[in-house]
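Colleague: Could you walk me through how to read the space around a ligand, and then the space enclosed inside a protein?

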Amino acid sequence: MLSPATASASDELNVPEAVRALAEQLSRQDAALPAYVYDLGGLDSHVAAIRAALPVGVEFCYAVKANPDPAVLRVVARYADGLEIASGGELAHVTAAVPGARLTFGGPGKTPAELAAAVRAGVARFHVESPHELRQLGVAAAAAGQTADVLLRVNLPPEETASAPAGPASREGLVMGGGPTPFGMDPSLLDDCARWLTESTPETRALRLRGLHAHLASGLDAAAALAAAGRILDFARRWCARQGVRNPEINLGGGMAVDYQKPTERFDWAAYGHGLAHAAQINGETLRVEPGRAVTAYCGWYVTRVLDVKPSHGKTFAVVAGGTHHLRTPAAKGHNQPFAVVPVEAWPHDWPRPAAVGQATLVGQLCTPKDVLARDVHLPALRGGDLVAFAMAGAYAWNISHNNFLMHPPPSFHHIRVG
Ligand SMILES: *Cc1c(COP(=O)(O)O)cnc(C)c1O
């Protein structure tokens, strides 16, 4: 058995040959490191496998906020039925990067200007977060002379959670809806929306209720995600039937797990797809999922160089170029980012090369003790000048990072094209 710390070291991780070759090439260029490298070939096969594992008829949208890199989006869009955006900024970005993509618009706090822009852009589905937002969407759609298609976002009632089956999934059930959150609506608010929609005004006539949306938890394994889907379907089918929504659409959200301590494992899309096929047997109903992290996490690599290594009161610290202002993921999630060491033999100085053997903490260049990429990890050897390739840096990585803190230069960006 490997310890969790060992799982972060190079022997566990397979750096794709193209990524390793590019890292070595970049290390010979001035100021090319740190770098983000996106393995688009690996992404292509991964997303193709996700699509293939999901039943025909279950729609697959990608949550753009996980990684909006244009080249990444274009690969994902080959297989996805749509892209889920959550702001006017993402709307403008995605319509430029992937013209013609089918869009769904979710997220809290949509402004009237964002709603109007989304209506004009022909967004296919709006995930509405509150009765007030529904009215604002009605105003925007009526003013544009268009119809907006709506899924109301639900925060499941507590009893839906309490009726979860026993077993590992019910533990995840505790994470699910039923508690106070800024996301979605309590069932009573859903009912308020439905009641308002029965009035006949220019605003209500500009809206078409299509079904319900739920995104209740993240980090779910396939069994937990299926249990969540079961509870959502149970509630949504009954609610839609009660409200007379014909051919209801039910969006089950994202949140499929990515285990940063097991970089070679993947969410079990086959088991999830199998379970959904079993659950999705009602004619006229459309199911939709919208994962983000589990789609793009694996395609990204943050490649950098060891600037210094030194002991400190019994521990060893390796300082790499860049840090959590480029790759905030380990600080945000509280994990060790898995990495591989790419040794560099050249050492241009006439003094001893600083080195860590056995164990080290990998930190960045920020003047804060929080700038830790991997703590107390076991290593074969790590020397000043070696390269470090951090894996699983393709989702919630660069785009969630506070890159202006300390004003170090940004990373360079590279894409390994589909082969
Ligand atoms: C963030 C988000 C997702 C994607 O979640 P992942 O954990 O990245 O799969 C899907 N739907 C909504 C509404 C979200 O906010």
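Modeller: Happily; we will take the ligand's surroundings, then the enclosed space, bearing in mind that this is a predicted model.

Colleague: Where does the ligand sit?

Modeller: A pocket is an open space, whereas a cavity is one that a probe cannot leave. Here the ligand sits in the largest pocket.

Colleague: Which residues come nearest to the ligand?

Modeller: There are 14 residues around the ligand, and Lys65, Gly255, Glu290, Arg293 and Tyr396 come nearest. Sorted by class, that shell holds three nonpolar, six polar and five charged residues.

Colleague: And how do I read the polar contacts?

Modeller: Look for pairs of N or O atoms within 3.5 Å. Glu290 places a polar side-chain atom 2.7 Å from a nitrogen atom of the ligand. Gly292 uses its backbone instead: an N or O atom there lies 2.9 Å from a ligand oxygen atom. In the side chain of Tyr396, an N or O atom is 2.5 Å from an oxygen atom of the ligand. As for cover, the protein buries 89% of the 390 Å² that the ligand exposes when taken alone.

Colleague: Now the enclosed space: how many cavities of 30 Å³ or more are there?

Modeller: The count is one, and the largest cavity holds about 90 Å³ of space. It is lined by 14 residues, with Leu220, Ala225, Ala228, Leu252 and Gly254 closest to its centre.

Colleague: Which helix gives the most to that lining?

Modeller: Helix H11, residues 222-243, with four residues. By class, the cavity lining has 11 nonpolar, three polar and no charged residues.

Definitions and conventions. Residues are numbered from 1 along each chain as its sequence is written. This is a predicted model: local features need pLDDT of at least 70, side-chain atom pairs count only at pLDDT 80 or more; totals for chains, interfaces and linings use all residues. Side-chain values use heavy atoms; hydrogens and water are left out. On a 1 Å grid over the protein atoms alone, a cavity is a set of points where a 1.4 Å probe fits but cannot get out, and a pocket is an open set with protein on both sides within 12 Å along at least five of seven lines; lining residues have an atom within 4 Å of a point. Grid points are joined across faces, edges and corners, and a volume is the space filled by probe spheres set on the points. Helices (H or I, at least four residues) and strands (E, at least two) are DSSP runs, numbered from the N terminus. Ala, Val, Leu, Ile, Met, Phe, Trp, Tyr, Cys and Pro count as nonpolar, Asp, Glu, Lys and Arg as charged, and the others, Gly among them, as polar. A residue is near a molecule or strand if one of its heavy atoms lies within 4 Å of it. A polar contact is a pair of N or O atoms within 3.5 Å; within protein, one must be able to donate a hydrogen and the other to accept it, and residues adjacent in sequence count only if both atoms are side-chain atoms. Accessible areas come from the Shrake-Rupley method with a 1.4 Å probe; for residues, only the protein chains shown count as cover. A molecule sits in a cavity or pocket if more than half of its atoms lie within 2 Å of its grid points.
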